[in-house]
Amino acid sequence: MEEYIKIDYENVPAQSKNIRNGAIEVNNKLLESYRKIAEMHVCWYGKRYNELVSKFNELAPQFNKFLEVIVSQIPYMFDAIANDFSGIDIQQNVATARKEGYKSIQEIQIFNDVGMRYLQSEVDPYQTEIVSDFRSAKELMDSMQKNVEQIILQCDGADEFRSQFRNLVSSFKQVLDNVESQFVELMNKDREQIEKAEKLNTTK
C-alpha cells in the first residue's frame, strides 16, 4: 500500500517560528525562576531552603534536556521537513532550518549557613513571582502544543510524534506542579516555625 503524505510546507515555517519563540520564552521563565531562588537566599536560609535548592539542582539536567528538545530540535525538525517537501515540489527551500541554542540552567549554590533566617515580607514576593513564572511556562507549553497540533503534516510517524509531544508537555507541567507544591510546603514550614518562635517570645 502506497504511503499517504500531506504537508502544508508553505505555512510550516511560520508555525515553526511560533513554536521556537514559545520555547525560548519557556527557557526564560525557567531561568528567571532559578535566578529568584538563588536571590532569595538573602532573606531565607537554613535546612529547608537548602532542601529546596537541592530539588531545583536535581531538576536542572532534566530541564536542560527538555529545553534542547523544544528550543533546538523540534523547530529545526519542522523546518527541515518543510524544506524536504518544498525541494521536491518547487525545487527551493521555504525555511531557514537552524538549531537554536538554548540557555542552559545552572545549579544554584548551596551555602553552609548556621541557623536559619526567614523574612516573610521579603520572601513572599519571591514566592508570588516564582509561582507566576511556573504558571506562565505551563501556559506557554499549552500554546506550543496547540501550534504543533495545527501543523498540517500527515506521514509515517506524524501521529506518534504528536502523541509523544503531548506526553512531553504533560510531564513538564507535572514536574512544575510537584516542585511548586514542595516549594510552598517548605516555605510554610519555616513560616510556621518563625511564627511559633515569635509567639513564645511575646509570652515570656
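A salt bridge is a side-chain nitrogen of Lys or Arg within 4 Å of a carboxyl oxygen of Asp or Glu.

**Figure 1. The salt bridge of Arg98 and Glu100 in a predicted model.** The side chains of Arg98 and Glu100 meet with an N to O distance of 2.2 Å. Because its relative accessibility is 40%, Arg98 counts as partly exposed. The structure as a whole holds 16 salt bridges.

**Figure 2. The protein as a whole, before the further close-ups.** Four helices and four strands make up the protein. Starting at the N terminus, the elements follow the order β-α-β-α-β-α-β-α. The C-alpha trace spans about 85 × 25 × 25 Å along its principal axes. The radius of gyration of the protein is 22 Å, whereas a compact globule of 204 residues would have one near 17 Å. Of the 204 residues, 39% count as buried. The exposed area is about 11700 Å², and carbon and sulfur atoms supply 46% of it. Among contacts with a separation of 6 or more, 85% are between residues 24 or more positions apart. Mean pLDDT is 91 for the protein, with 95% of its residues at 70 or more. Among the elements, the highest mean pLDDT (97) belongs to helix α1 (residues 12–39) and the lowest (83) to strand β1 (residues 6–7).

**Figure 3. Arg20 and Asp79, a salt bridge between helices α1 and α2.** The closest N and O atoms of Arg20 and Asp79 are 3.2 Å apart. Arg20 belongs to helix α1 and Asp79 to helix α2, and the two residues are 59 residues apart, so the pair links distant parts of the chain. Both Arg20 and Asp79 are buried.

**Figure 4. Asp133 and Lys36, a salt bridge within a network.** In this pair, the closest N and O atoms are 2.8 Å apart. Asp133 lies in helix α3 (residues 120–150) and Lys36 in helix α1, so the salt bridge ties together parts that are 97 residues apart in sequence. Asp133 and Lys36 are both buried. The network of salt bridges links Glu32, Arg35, Lys36, Glu39, Glu129 and Asp133.

**Figure 5. The surroundings of Ser86 in helix α2.** Ser86 has a relative accessible area of 0% and is therefore buried. Its side chain reaches the backbone oxygen of Asn83 at 3.2 Å. Leaving aside neighbours within four places in sequence, Ser86 is in contact with Tyr9, Gln91, Gln92, Asn93 and Val94. The C-alpha atoms of Ser86 and Ile7 are separated by 9.5 Å, while the two residues are 79 residues apart along the chain.

**Figure 6. Gln91, in the loop between α2 and β3.** The loop that holds Gln91 runs between α2 (47–90) and β3 (117–118). Gln91 has a phi near 60°, a positive value in a residue other than glycine. With 61% relative accessibility, Gln91 counts as exposed. Gln91 is also one of the residues in contact with Ser86.

**Figure 7. Arg191 and its contacts in helix α4.** Helix α4, where Arg191 is found, covers residues 158–203. Arg191 counts as buried because its relative accessibility is 13%, and the cut-off for buried is under 20%. A polar contact of 2.4 Å joins its side chain to that of Asn188. Not counting residues up to four places away in sequence, Arg191 touches Tyr118, Gln120, Asp124 and Gln127.

Methods: Residues numbered from 1 in each chain as written. Predicted model: local features only at pLDDT ≥ 70, side-chain atom pairs only at ≥ 80, totals over all residues. Heavy atoms only, no water. Buried < 20%, exposed > 50% of the residue type's maximum accessible area, 1.4 Å probe, protein only. Polar contact = N/O pair within 3.5 Å; in protein donor to acceptor, adjacent residues only side chain to side chain. Contact = heavy atoms within 4.5 Å. pLDDT = per-residue confidence, 0-100. Rg over C-alpha atoms; globule rule 2.2 N^0.38 Å. Areas by Shrake-Rupley, 256 points an atom, 1.4 Å probe, with all protein chains shown as cover.
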